[in-house]
Amino acid sequence: MTLAPGQRVRVSSRSHDGHNRTPAYLRGRIGTVERGHGSFTNPETRAYGADGLPERQLYLVGFEQREVWPGYPGRAADRVYADVFEHWLEEA
Amino acid sequence: MHDHDGHDHPHAPITNGDEPDAAARVRALEELLVEKGVVSRNDVRRRIDWLVSRAPADGARIVARAWVDPAFKERLLADARSAALELGLDPGPSPVVVALENSDEVHNMVVCTLCSCYPRALLGPPPDWYKSLPYRSRAVTDPRGVLDEFGVELDDGVELRVFDSTANIRYLVLPRRPAGTDGLSEDELASLVTRDSMIGVAVPAPPAAVS
């Protein structure tokens with residue numbers, strides 16, 4: 001799966017045992033791909049001594065704060081960004 | 001002065017004091033890694049020496065150059081790792097470093113909610129508050145409240161962007177150049193650039209307000 005900037009994505013809300021870097025507060029949230037960073041070894045297997053291969057694409061994804069936090073006290077335009085691996089993203 | 005075994009000692013009790021539990025765990029891990037031959041004590045010491053040799057002045061050089069040289073700024077925003085290398089700075093092991101430009105319309109700030117990811121190669125070790133639970137949680141849930149506590153007032157209509165960074169990518173904020181600095185040299189400009197302004201929780205003060 002290759003995602004392009006501007007594409008809408010949803011962060012998977014599947015449960016996951018063990019190490020991962022996908023912030024829990026973004027699970028199930030819809031955001032927009034901001035940029036692709038390239039591919040990196042998978043920290044979810046590297047954390048347990050494996051080689052982390054195959055590499056996975058890592059994307060910077062932006063979310064409207066009001067979409068993430070109901071009752072967010074700031075402005076409507078405020079956004080939070082996170083780097084999310086491709087296998088946590090679904091097309092939305 | 002304390003009392004034990006029926007006599008007085010003219011000193012405070014000798015303990016590990018306020019050492020966090022994590023320090024004991026780290027020591028135990030290091031012992032195991034050395035024992036198993038994964039790292040040597042020299043590897044660990046060299047890494048610590050490298051880390052503490054970094055300082056916010058390194059990042060400040062990048063910012064000041066971007067303020068005076070629009071072509072450099074363009075290269076910085078396209079690829080901050082290469083831009084750091086261009087100035088002879090070591091951008092560290094992360095293959096991707098991203099500079100986030102503050103403007104009239106956008107203010108960027110950086111947090112690591114999972115742990116303490118930080119552009120150590122360009123800013124040195126992170127401040128303790130950056131690793132604290134209150135900053136790590138409130139920087140995403142109430143970033144404007146956090147900025148207010150740091151004394152940053154954003155103009156009306158400024159969009160706030162919070163970057164929750166993880167281990168692969170390092171983010172460095174490129175703050176706005178303060179007004180009234182037209183006559184300053186690049187070195188003088190660099191002296192205005194603080195660590196916190198490159199995390200995005202402060203703005204560089206004009207020279208009159210420094211001192």
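In this predicted model, A:R10 stands opposite A:E90 in β5(A), and that pair lies in a strand pairing that can be followed from chain A across to chain B. The strands concerned belong to an open sheet of 7 strands with mixed pairing, ordered β5(A)-β1(A)-β2(A)-β3(A)-β4(A)-β5(B)-β4(B). The points below begin with the chain A strands, pass to the contact between the chains, and end with the helices and overall figures of chain B.

**The sheet in chain A**

- β1(A) and β5(A) are paired in the antiparallel sense over 3 bridges, and β1(A) is also joined by 3 bridges to strand β2 (residues 30-40) of chain A, again in antiparallel fashion.
- Within the pairing of β1(A) with β2(A), the bridge partner of A:V9 is A:G31.
- Strand β1 (residues 8-11) of chain A has two unlike faces, since A:V9 and A:V11 form a covered one while A:R8 and A:R10 form an uncovered one.
- Further along, strand β3 (residues 56-64) of chain A runs antiparallel to β4(A), to which 7 bridges join it, and A:F63 has A:V80 of β4(A) as its bridge partner.

**Edges and twist of the sheet**

- Which strands stand at the edges of the sheet? They are β5 (89-91) of chain A and β4 (106-111) of chain B, each of which has a single partner strand, so one side of each is left without a neighbour in the sheet.
- On average, and with direction ignored, neighbouring strands of this sheet are turned by 35° against each other.

**Contact between the chains**

- Contact between the two chains involves 19 residues of chain B and 19 residues of chain A.
- On the side of chain B that touches chain A, the elements giving two or more residues are α8 (133-141), α9 (143-150) and β5 (159-164) of chain B, and β5(B) gives the most, with 6 residues.
- The residues on that side of chain B divide into 9 nonpolar, 5 polar and 5 charged.
- Strand β4 (residues 79-85) of chain A pairs with β5(B) in the parallel sense over 4 bridges, and in this pairing B:V162 is the bridge partner of A:V80.
- Leaving aside its neighbours within four places in sequence, B:V162 is in contact with residues of both chains, namely A:V80, A:Y81, B:M109, B:V111, B:A139, B:V140 and B:P143.

**The nonpolar core**

- B:V162 and B:V63 are the residues with the most contacts inside the largest nonpolar core, which has 60 residues.
- Helix α3 (residues 56-68) of chain B supplies the largest share of this core, 6 residues.

**Helices α8(B) and α9(B)**

- The axes of α8(B) and α9(B) come within 5 Å and cross at roughly 120°, and the two helices are therefore oblique to each other.
- Their contact is made by B:Y135, B:R138, B:A139 and B:V140 of α8(B) together with B:P143, B:G145 and B:V146 of α9(B), a group that divides into 5 nonpolar, 1 polar and 1 charged.

**Chain B as a whole**

- Chain B contains 11 helices and 6 strands, and its C-alpha atoms fill a box of roughly 70 × 40 × 35 Å, taken along the principal axes.
- Of the 211 residues in chain B, 33% are buried.
- Among the contacts in chain B with a separation of 6 or more, 67% are accounted for by residues 24 or more positions apart.

How values were computed:
Residues are numbered from 1 along each chain as its sequence is written. Chains are lettered from A and ligands numbered from 1 in the order in which they are written. This is a predicted model: local features need pLDDT of at least 70, side-chain atom pairs count only at pLDDT 80 or more; totals for chains, interfaces and linings use all residues. Two residues are in contact if their C-beta atoms, placed from the backbone, lie within 7 Å. Ala, Val, Leu, Ile, Met, Phe, Trp, Tyr, Cys and Pro count as nonpolar, Asp, Glu, Lys and Arg as charged, and the others, Gly among them, as polar. Two strands pair if DSSP finds at least two bridges between them. A nonpolar core is a set of buried Ala, Val, Leu, Ile, Met, Phe, Trp, Tyr and Cys residues joined through C-beta atoms within 7 Å. A residue is buried if 20 or more other C-beta atoms lie within 10 Å of its own, exposed if 12 or fewer, and partly exposed in between; C-beta atoms are placed from the backbone. Axes are lines fitted to C-alpha atoms, for helices over the stretch in contact, and angles run from 0 to 180 degrees between N-to-C directions. Angles under 35 degrees count as roughly parallel, over 145 as roughly antiparallel, 65 to 115 as roughly perpendicular and the rest as oblique.
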